[in-house]
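This report looks at one strand and its surroundings, then at a second sheet and the ligand site. Keep the model open while reading.

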Amino acid sequence: MEPIVTVKEKCRKCYCCVRSCPVKAIKVDKSYTEIIFDRCIGCGNCLNNCPQQAKMVTDKVGVTEKLLSSGEEVVAVLGSSFPSFFHNVTPGQLVSGLKKIGFAQVHEGAYGAELVADDYARATAKKDRPHITSHCPAIVDLIERHYPKLIGSLVPVVSPMVAMGRYLKGTLGHHVRVIYISSCIAAKFETQMEETRGSIDIVLTYKELAGIFRSRQITLSALEDEPLDGMRPSAGRLFPLADGTFRAFGIDFDPLDTEAFTACGEVNVMGFINDLAAGRISPHIADLRFCYDGCIGGPGRNHALTEFYRRNRVISHYKQEVPCRTVSDSAPPLTGIPFGRSFTSKYAKLETPKANEVRKILNATNKFTVKDELNCRACGYRSCREYAVAVFQGLAEIEMCLPFTLQRLEEDRGRLIQKYELARRELEREYGDEFIVGNDRKTLEVLGLIKQVGPTPTTVLIRGESGTGKELTARAIHRYSKRNDKPLVTVNCTTITDSLLESELFGHKRGSFTGAVTDKKGLFEAADGGTIFLDEIGDITPKLQAELLRVLDMGEVRPVGGTTAKKVDVRLIAATNKNLEQGVREGWFREDLYYRLNVFTITMPPLRSRVESIPILVHHFMDKASTKLNKRMVGIEERAVKALTTYPWPGNIREMQNVIERAAVLTHDGVIRVENFPLALSEKLEENSTMSLDVRTSFRAEREQHVVKLEKKLIQRYLEEANGNVTRAAKLANIPRRTFYRLIDKYRLRERDPR
Ligand SMILES: Nc1ncnc2c1ncn2[C@@H]1O[C@H](COP(=O)(O)OP(=O)(O)OP(=O)(O)O)[C@@H](O)[C@H]1O
């Protein structure tokens, strides 16, 4: 089992792991990202950078617990950075805790650094090449898997961890099980390698160990100190610090010496390797560690502590500022244990794409020129080219390019809106929306104009407020035209972006702009022989206005990016609620286009000036609602019709249609009442009736209005007196509770009921 697992369900494909992986050992799948272990160097960056914690250390707690309870002799080795994790207990208390959970002995891993010191001295004595330390398993993996040419530079000595394992098994016997505890994730990978297998049985992180203490309810700070076993390390205790390796290995190190070099952290290590490869530097020995701050900065470090504090903890342990005992006689003698090792190339070469293959992938994500390559890194790769190579190698997906995906989404959105509009119109047509209803003088005038202009080829400009039936009128004109067997293409000029609108209307040629992957026909061509209805024409850009004028004058369209024009026979109907004359004066609408459009104008009257038609429209919309909701509609109360005729309708006919549909949903018995309308309508009705009190109406009507007002006030008062309690209010009023409730409903006082 690999040391890191991906919890697929948690992965949200944010590419943080791709971004943080120094060797791009992450493959992006359809729904999650996974590690390619052949390329992975175990640095643990993906663990620490995954916001969803979808990358996790494979659990070793279970096997540890099992081993501890198996009766076998299990020895713990504390990684040399342990004081920087378990910072608020003494080493002795930690030993005590470890023994409590079943470890037979507890050793300091720092001694491992001293074990390999002689071998290091021997191996690095020759000045024939730059020597690179091999104690950091991530560095070893980096070189073996990605820079095999540098393998010869790796010091052929095992890491202090492996040295400790060999030493303990060699001296205590091979039956002994060794568990190494540290902040290193690469160490987990190291124990699985052919070269080092068998020396350490389990690598646990400090965090995993802390979890075991917690689950056993062991409070370390409450324990008595117990001595450490084995040899007491000296300078080995400084090994986890960035500059501690040479001291631990007994190598003389002068910070001004260009022969000995120390680099910690991804950027510095990669910089060193690049400099070395380029021949800019040639040190005698280089100490490399993949983690910043050295081993005290391992991925499993105590993230709550700063580097300085962690460093101080290690130094104070070295100086023994916190007393710490070691059972000296438990130190087994060191006899002829081999600490040498070799390295092999694990370089898994991925196929390199040819230049045209990279270009193809770049083109597929809308990158046609160098300028299009943003190198924004949103995909996790350092450049668009690196990303294109990864796509070629099957590591990355096209959709990972954020600017491309956003643009595609925007285009899809525009297309969907268009499609939705078309579908909506089809539906409306099915529900009989095509007919213009109304018997008022102005509607009849509009109908007359439609009949007159319909059969001609004349361009028509329909003007009027929103929701007054402009589109309905355009459809009627097309129906009356000789083109009614040909398509009527409707375009709402505000639903798509300006640049997209141009290509939607006139089409485009492949490669004419980013995203134009194939040739595309425009809507003018689609409407050839029929009618095109451009709704909201007052909102198009001056550039588009010029192009439209050209189409109208020449009767031909030229696709975006195209050089040749194509003849089209299209009748134009345009609509707007904008003041185009003002547009001409202010310069946002072309005068020539204005005159070209303003040949035959139909102005839609607002609903407030067609009050006479309201009752007939109401019944028309009730029928529509009945069909749409599949609900029987019986009728409408007279007061409700009154409310509809007195309301000023800022949103015009569409607003009224919606009010009727809402009321049709709310009514229980198929009769629409004022109570089914939004509050604004009934309030307007009340206001109007108060205002008309002075006007002489019939005695009954006048009396009714007074009674209604009085009754409402009374109910309100009783409710107030009863503090909102309906039962009590009904008692005070001496009327049945149900009647009281009915009156509350009638006057819609329930919402104000303070209960
Ligand atoms: N005279 C009418 N008879 C029947 N239905 C009508 C009438 N006028 C408008 N409607 C209905 O009102 C709604 C709005 O009409 P339409 O979309 O034609 O208005 P518009 O002026 O084009 O609106 P906008 O300016 O918002 O695009 C539609 O559902 C339409 O069927």
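In which strand is Val-77 found? Val-77 is found in strand E5. Note that the model is predicted.

**Strand E5 and its residue Val-77**

E5 spans residues 74-78, and 5 of its 5 residues are buried. Burial holds on both faces. Val-74, Ala-76 and Leu-78 are buried on one side, Val-75 and Val-77 on the other.

Why does Val-77 count as buried? The cut-off is 20 or more other C-beta atoms within 10 Å. Val-77 has 30 other C-beta atoms within 10 Å, so it is buried.

Which residues does Val-77 contact, leaving aside its neighbours within four places in sequence? They are His-107, Gly-109, Met-164, Val-178, Tyr-180 and Ile-181. Phe-103 is 26 residues from Val-77 in sequence, and their C-alpha atoms are 10.0 Å apart.

**Pairing**

Strands of a sheet pair through backbone hydrogen bonds, in a parallel or an antiparallel sense. The table lists three pairs in this model.

| Pair | Residues of the second strand | Sense | Bridges |
|---|---|---|---|
| E5 and E8 | 177-182 | parallel | 5 bridges |
| E5 and E6 | 105-108 | parallel | 4 bridges |
| E7 and E11 | 285-289 | parallel | 2 bridges |

Val-77 stands opposite Tyr-180 in E8. It also stands opposite His-107 in E6. From E5 the chain passes through helix H4 (residues 91-100) to reach E6, and this β-α-β crossover is right-handed.

**A three-stranded sheet**

E7 belongs to an open sheet of 3 strands. The order is E7-E11-E10, and the pairing is parallel. Strand E7 (131-132) and strand E10 (260-264) are at the edges; each has a single partner strand, so one side of each lacks a neighbour in the sheet. Within the E7 and E11 pair, the bridge partner of His-131 is Ile-285 in E11.

**The ligand site**

How many residues surround the ligand? There are 20 of them, and the closest are Val-437, Gly-469, Lys-470, Glu-471 and Ile-653. By type, the shell divides into 4 nonpolar, 10 polar and 6 charged residues.

Which helices each supply at least two residues of this shell? Helix H18 (470-480) and helix H26 (652-666) do.

Where does the ligand lie with respect to domain 3 and domain 4? Domain 3 (434-605) and domain 4 (612-752) both give residues to the shell, so the ligand lies between them.

Terms used. Residues are numbered from 1 along each chain as its sequence is written. This is a predicted model: local features need pLDDT of at least 70, side-chain atom pairs count only at pLDDT 80 or more; totals for chains, interfaces and linings use all residues. A residue is near a molecule or strand if its C-beta atom, placed from the backbone, lies within 6 Å of it. Ala, Val, Leu, Ile, Met, Phe, Trp, Tyr, Cys and Pro count as nonpolar, Asp, Glu, Lys and Arg as charged, and the others, Gly among them, as polar. Domain bounds come from an automatic or database domain assignment. A residue is buried if 20 or more other C-beta atoms lie within 10 Å of its own, exposed if 12 or fewer, and partly exposed in between; C-beta atoms are placed from the backbone. Two strands pair if DSSP finds at least two bridges between them. A crossover is right-handed if, with the strands pointing away from the viewer, the path from the first strand over the helix to the second runs clockwise. Two residues are in contact if their C-beta atoms, placed from the backbone, lie within 7 Å.
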